Amino acid sequence: MSAISTVCKRELRSYFATPVAYVFIVIFLVLSSAFTFYLGGFYERGQADLLPFFNFLPWLYLFLVPAVSMRLWSEERKSGTIELLLTLPITMWQAVMGKFLAAWAFIGIALALTFPLWITVNYLGDPDNGVIFASYLGALLMAGSFLAIGSCISAATRNQVVAFILTVVACFVLVMAGFPLVLDVFRSWAPQGLVDAIAGLSFLTHFASISKGVIDLRDLLYFVLMIGFWLYASAIVIDLKKAD
Amino acid sequence: MIETQALGKRYGDFVAVDGITFKVEPGQVLGFLGPNGAGKSTTMKMIAGFLAPTSGSARVCGFDVEEQSLEARRVVGYLPEGAPSYGEMDVRQFLEFIADAREVPANLRNKRIDDAIDRLNLESVLQQPIDTLSKGFKRRVGLAQAILHDPKVLILDEPTDGLDPNQKHEVRTLINAMARDKTIIVSTHVLEEVHAVCHRAIIIARGRVLADATPAELESRSRYHQAVSLTATDVKAAKEALSRVPDVASIEVDAQDGRITAFPKPGRQIFVAVNAALQERSIVVRELALEGGRLDEVFRSITQGGAATEARA
């Protein structure tokens, strides 16, 4: 446990040692507010909730989360520090977990900094704070899943740009998995069961049901399994690719 | 103690390390020599627990690097090739991270860190991000993290690469100072280093051990071992005198500086006879030296000679 927190602390500290963290947070806050107020029609809707914010969040995450995850492992490999990290007396799992938790905590900090929206909506009206809390939880879980996918892809390449693009594509497919855009590709040839299974993998479906305020165990399980699976895959990919 | 048994690493069809067996005892410094791509780094990476061997095994202080990976890694200090470190951290932060990851006990933590800083003279750059340091300092930071937890086994991949002569000297002094109670493997391209720090040298080429001996033994394999070299005003007369010494096998004259070298017949010593022959004819000699042997020549003949025999086979 302490090894995980040592790795996590080092990683998180390194985000804030460079301007990257501040640039990310500022852009995230500016864009999320712009989406909420202009595209989402926060005022015009006349409803005291944060739906406009959470509706656009997946699309914002689609580009911003891969920007965080792309450097997770590819930078370690490029700079050779992976050799240093993995010859320390820590297990592969602790290293993967520590780095993932640092990235997740970072995204969490950025998300937490949107709290003025929550205050605003409480000031203007009488929202269902339970729903808002559930939405935040859902958003965090979704970001974790994006990050886990990004961690695995980042482990597969030492080029950060490649990692970024592939992660965006992979996340896009998973976000859209419940929509015709993705499902039509499979409908023509795959059995209905498979198509349903793919539809069930959609981020949006699970996120939407959590952000309605219903914290269903199945939705939680979906995200937890998603994160677990991709982190496990990360560990395997790192092990396979560390030699080159 | 480090012990490898037919240690091998293969990538698809390419054999990087082809069954290396050796043993290093505490108090010994083993030098790893070999051309680039010989498998030195790969071998060290396997012992340090970074790469898994595809055949054979390696043990560090009795711990198998695969079966008891964590225990083995705990007793090893490792300087990877190129001395990588986290560039955005400052030196102190970086060493603190290593101390935590290595689970240095809290009461020893600051003492160990200060000790490593002191030994590698990092005092002046403690607050600087590692990225902004010179190559020499980066290498020393890498060494500092390797010795931080006072490991029983040290694996140093080219520890003096990129250092200036003064820094090289300091690092060698450091290795010698630590050698007493530790088991150390050092890889190097610099042959003079073998003399300065190693008790034993292994020459590797194409993943195989081609020689395993003390530096002195390696030198004795040189053509130059026990040869006598001299510079004389009258080169012709000197050559003539040398050719009459019975145990001299051949004589070479360096075209550039006119230095004459007389090579003995195998197993013979000619210094005394040569000296006598020169005096007898009153040949004026400006300089006369007994050659110990040249490591670079031995290195070349072992690593390239091996290629020739293999090509024939």
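I started at A:Leu147. Leaving out residues up to four places away in sequence, I found that A:Leu147 touches A:Val65, A:Val68, A:Ser69, A:Phe100, A:Ala103, A:Trp104 and A:Ile107. I note here that this is a predicted model.

**Cores**

Next I looked up the nonpolar cores. The largest one holds 141 residues. Which of its residues touch the most other members? I listed A:Leu147, B:Ala144, B:Ile155 and B:Ile185. Helix H8 of chain A, residues 129–156, gives the most to this core. Its share is 14 residues. I also found a second core, separate from that one, with 16 residues. B:Ala262, B:Phe263, B:Ile270 and B:Leu278 are among them.

**Chain A overall**

I counted the elements of chain A. There are 13 helices and zero strands. Read from the N terminus, every entry in the run of elements is α. I then checked the radius of gyration, which is 19 Å for chain A. The globule rule gives 18 Å for 244 residues, so chain A is as compact as a globular protein of that length. Along its principal axes, the C-alpha trace of chain A spans about 55 × 50 × 30 Å. How much of chain A is buried? I noted 42% of its 244 residues. I looked at sequence separation too. Of the contacts in chain A between residues at least 6 apart in sequence, 80% join residues at least 24 apart.

**Chain B: the annotated span**

I turned to the record for chain B. UniProt, in an unreviewed entry, places "domain: ABC transporter" at residues 2–231. In the model, the end C-alpha atoms of this span of chain B lie 47 Å apart. I put the span down as 36% helix and 28% strand.

**Chain B: a four-stranded sheet**

I traced an open sheet of four strands in chain B. The order is E2-E1-E4-E5, and the pairing is antiparallel. Why is one side of E2 and of E5 left without a neighbour in the sheet? Strand E2 (14–24) and strand E5 (63–64) of chain B stand at the edges, and each has a single partner strand, so one side of each has no neighbour there.

I followed one pairing further. Strand E1 (residues 2–11) and strand E4 (residues 55–60) of chain B run antiparallel and are joined by five bridges. B:Gln5 stands opposite B:Ser57 in E4 of chain B. Last, I checked what packs on this sheet. Helix H1 of chain B, residues 40–48, does so and touches E1, E2 and E4 of chain B. The direction of H1 makes about 120° with that of E1 in chain B.

Note on methods: Residues numbered from 1 in each chain as written. Chains lettered and ligands numbered in written order. Predicted model: local features only at pLDDT ≥ 70, side-chain atom pairs only at ≥ 80, totals over all residues. Pairing = 2+ DSSP bridges. Helix = DSSP H or I, 4+ residues; strand = E, 2+ residues; numbered from the N terminus. Contact = placed C-beta atoms within 7 Å. Axes fitted to C-alpha atoms, helices over the stretch in contact; angles between N-to-C directions. Core = buried A, V, L, I, M, F, W, Y, C linked by C-beta atoms within 7 Å. Buried ≥ 20, exposed ≤ 12 C-beta atoms within 10 Å, placed from the backbone. UniProt positions renumbered as here; feature names shortened; annotations may be inferred. Rg over C-alpha atoms; globule rule 2.2 N^0.38 Å.
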